[in-house]
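Open the model in your viewer and keep the sequence panel beside it. Each stop below tells you what to select and what you will find there.

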Amino acid sequence: MTRLSDIMETQDRLLFSKLFHKHRQVEVTLNRSVLAWKETEKSRKRSSGISNRAETAHIHALQVCEIVAVHTKDDDQDNKETRRSRAEAKQTSRLHPHAFTVSYIRRTRQHQWCCSEVIFHSANQALSEQWIKVINEQLALLTHRPKSLLVYINPYGGKRRGKRIYEQKVAPLFGRACISTDVIVTERANHARDHLKTEANLDKYDGVVCVGGDGMFSEILHGLISRTQTDNGVDPNQPDAELVPCSVHIGIIPAGSTDCICFATVGTNDPVTSALHIIVGDSQPMDVCSVHHNDSFLRYSVSLLGYGFYGDVLKDSERKRWMGPARYDLSGVKTFLSHNYYEGSISFLPAENNMGDPRDKLQCRSGCSVCQHKPSSKDTQWEMSEEKEMSDKVGGWRTIRGKFIAINAASMSCACPRSPKGLSPSAHLADGTTDLILVRKCSRLDFLTHLLRHTNKEDQFDHSFVEVHRVRRFNFQPQQNEMHSLEDLTETPKKTGFRPICSAQTNYNYQDSHSSWNCDGEILPHAAIRVSVQPQLIRLFARGIEEQQQSLLEDPCTLWALEPNTHYSVD
């Protein structure tokens, strides 16, 4: 950790002035990393009656990389003053009529950010303009910040609030940060995907932003990846093809029903927080799973691939779309009571031991060391050759056959407000793996216990009928249509809810023996699939979920610790 005082001393001071803030004189200092101010000794003596400088020093600091904008103070900003201080504000404005406003990120609660302001007054117009000029020059050096964005708004998703959320909460922030935008309000399903694949001039933009839910994000994801592979001559129908990472960042403004992807990468479903992450140019790499049936590409997945329980829930809820988000609750109860199970075999290629374990309680957070690990080209070639050797050996891939209530592959925690830990709490966003969760046939009570543990702090994998593996690839083959022995007929391969079971049955319908795959909220047309993890294929305007102790003192740009005997306040 680096002390704030060390940063201020070691880095060249760009500006230093005595200005006024909240009717008190302050000493304001700017260097490349920090904008800091503190009351002058005279002001402290007057306000506190204590002359000991070390005891009364109170330094406020903003990190330059989290300044949104700086501009001339608006005339109506003084109206925010309390009635008691209006007289002082009027006097300050009269004596120091020139002022500028610094808009910056302030952390509130539960990973939420807001845009706050600090106003500095000066008697000298040239001095005020110099501060604005120099701060803007420092912001211009932050080249990772977007200057132009392509925005897609889904006006129908969630509670149909996408357009209003963008216009009222997001657009003003983009405007303040001088970000130009081209906005397209989608008119049909896959409008954004098709536009990105064929029409959008991506060279004009630093990022693509979707305003909507997980479905809208999936459209943007598929459009960008498909466009990137087409531009680079990669055939996505080849299951072993190495896909080219997308160069354009994706931003998510949550306005859907669940917004799982936003919650799992930022820690909250707040549109303002997401907009601020976009403005400061945060960058979070993410793995993407490519899903194939034989030699045909089906879909990409970044969160959940679910067969059995979650596939049945989605399939049933599609018939109840008129109910809105409530349809998921009803379909969930119905599917749970049906308690179906499905037979099949799943083969998977385990990740190396150094990739951790789904039960190691090492959660993926901002600055995650696991996701940031970048092997050298020599290590990469060795891993690829080793993986090929392993895939050619019987012992490289593991195969499990059985009856399953659910088969889930989680490429992220899949956390959401209803399930703060998610399906796999220790899954990582960008480590090149997915967590494969197998829930074998069990009683309704046991399965309910497993589901309830998604909402509490108990280990949801601590059941004899649940196993979890961290894998790089996996294949699933459902049970084929075949005759069963009399011994097998004591229980059918699939329970069919409340319908009577005929003891004279000698086989079962092939279609009825299958569930469907839920791929990030979309139904796949095939049950037999092949899945490969594509490491860090996309980048989001996000930084991962910040730890609580990090949120006040740390960020990628600069770190500092509190200096003994001095009171520092980080805004």
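The tour starts with the whole chain and then goes from stop to stop.

**Whole chain**

Keep in mind that this is a predicted model. Colour the chain by secondary structure. The protein has 16 helices and 22 strands. Now colour by burial. Of the 571 residues, 53% are buried. Turn on contacts between residues at least 6 apart in sequence: 77% of these join residues at least 24 apart.

**Stop 1: strand β11**

Select residues 249-254, which form β11. How many of the residues of β11 are buried? The count is 6 of 6, so the strand is mostly covered. Show the side chains. H249, G251 and I253 point one way. I250, I252 and P254 point the other way. Both sets are buried.

Add residues 207-212, strand β10. β10 and β11 run parallel and are joined by 6 bridges. To find your place in the pair, pick C210, which stands opposite I252 in β11.

**Stop 2: I250**

Stay in β11 and centre on I250. I250 has a relative accessibility of 1%, so it counts as buried, the cut-off being under 20%. Which residues does I250 touch, leaving out those up to four places away in sequence? Select V208, F217, I220, L221 and L224, then I538, R539, L540 and F541.

Next, draw a distance from I250 to G207, C-alpha to C-alpha. The two residues are 43 apart in sequence, and the viewer should give 5.7 Å in space.

**Stop 3: the largest cavity**

Run a cavity search. There are 6 cavities of 30 Å³ or more. Go to the largest cavity, which holds about 70 Å³ of space. Which residues line the largest cavity?

- Select I250, G251 and I252 from the lining.
- Add C262, T265, V266 and S274.
- Finish with L540, F541 and A542.

β11 supplies at least two residues of this lining, and so does α9 (260-266). Colour the lining by class: 7 residues are nonpolar, 3 are polar and none is charged.

**Stop 4: strand β15 and its partners**

Select residues 342-350, strand β15. Here 8 of the 9 residues are buried, so the strand is largely enclosed by the rest of the structure.

Add β16, residues 398-410. β15 and β16 run antiparallel, with 7 bridges joining them. Pick G344 and look across to its bridge partner in β16, G402.

Now add β18, residues 466-478. This pairing with β15 is also antiparallel, and 7 bridges join the two strands. Pick P350 this time; its bridge partner in β18 is V471.

**Stop 5: the cysteines**

Select the cysteine sulfurs. How many disulfides does a search of the whole structure find? The search finds 0. C289 is in no disulfide, and the nearest cysteine sulfur, that of C519, lies 8.5 Å away. Show the surface around C289. Its relative accessibility is 1%, so C289 counts as buried. C246 is buried as well, at 8% relative accessibility.

**Stop 6: two positive phi values**

Select C414, in the loop between β16 and β17 (434-440). Read off the backbone torsion. C414 is not a glycine, yet its phi is positive, near 60°. Is C414 buried or exposed? It is buried, with a relative accessible area of 9%.

Jump to D520, in the loop between β19 (517-519) and β20 (522-523). D520 is not a glycine either, and its phi is positive at about 50°. At 12% relative accessibility, D520 counts as buried.

**Stop 7: D316**

End at D316, in helix α11 (residues 309-317). Is D316 buried or exposed? The residue is buried, with a relative accessible area of 6%. Hide the neighbours within four places in sequence and list what remains in contact. D316 is in contact with S331 and K334.

Technical notes
Residues are numbered from 1 along each chain as its sequence is written. This is a predicted model: local features need pLDDT of at least 70, side-chain atom pairs count only at pLDDT 80 or more; totals for chains, interfaces and linings use all residues. Side-chain values use heavy atoms; hydrogens and water are left out. A disulfide is a pair of cysteine sulfur atoms within 2.5 Å. Buried means under 20% relative accessible area, exposed over 50%, partly exposed in between (1.4 Å probe, protein chains only). Helices (H or I, at least four residues) and strands (E, at least two) are DSSP runs, numbered from the N terminus. Two strands pair if DSSP finds at least two bridges between them. On a 1 Å grid over the protein atoms alone, a cavity is a set of points where a 1.4 Å probe fits but cannot get out, and a pocket is an open set with protein on both sides within 12 Å along at least five of seven lines; lining residues have an atom within 4 Å of a point. Grid points are joined across faces, edges and corners, and a volume is the space filled by probe spheres set on the points. Ala, Val, Leu, Ile, Met, Phe, Trp, Tyr, Cys and Pro count as nonpolar, Asp, Glu, Lys and Arg as charged, and the others, Gly among them, as polar. Contact means heavy atoms within 4.5 Å.
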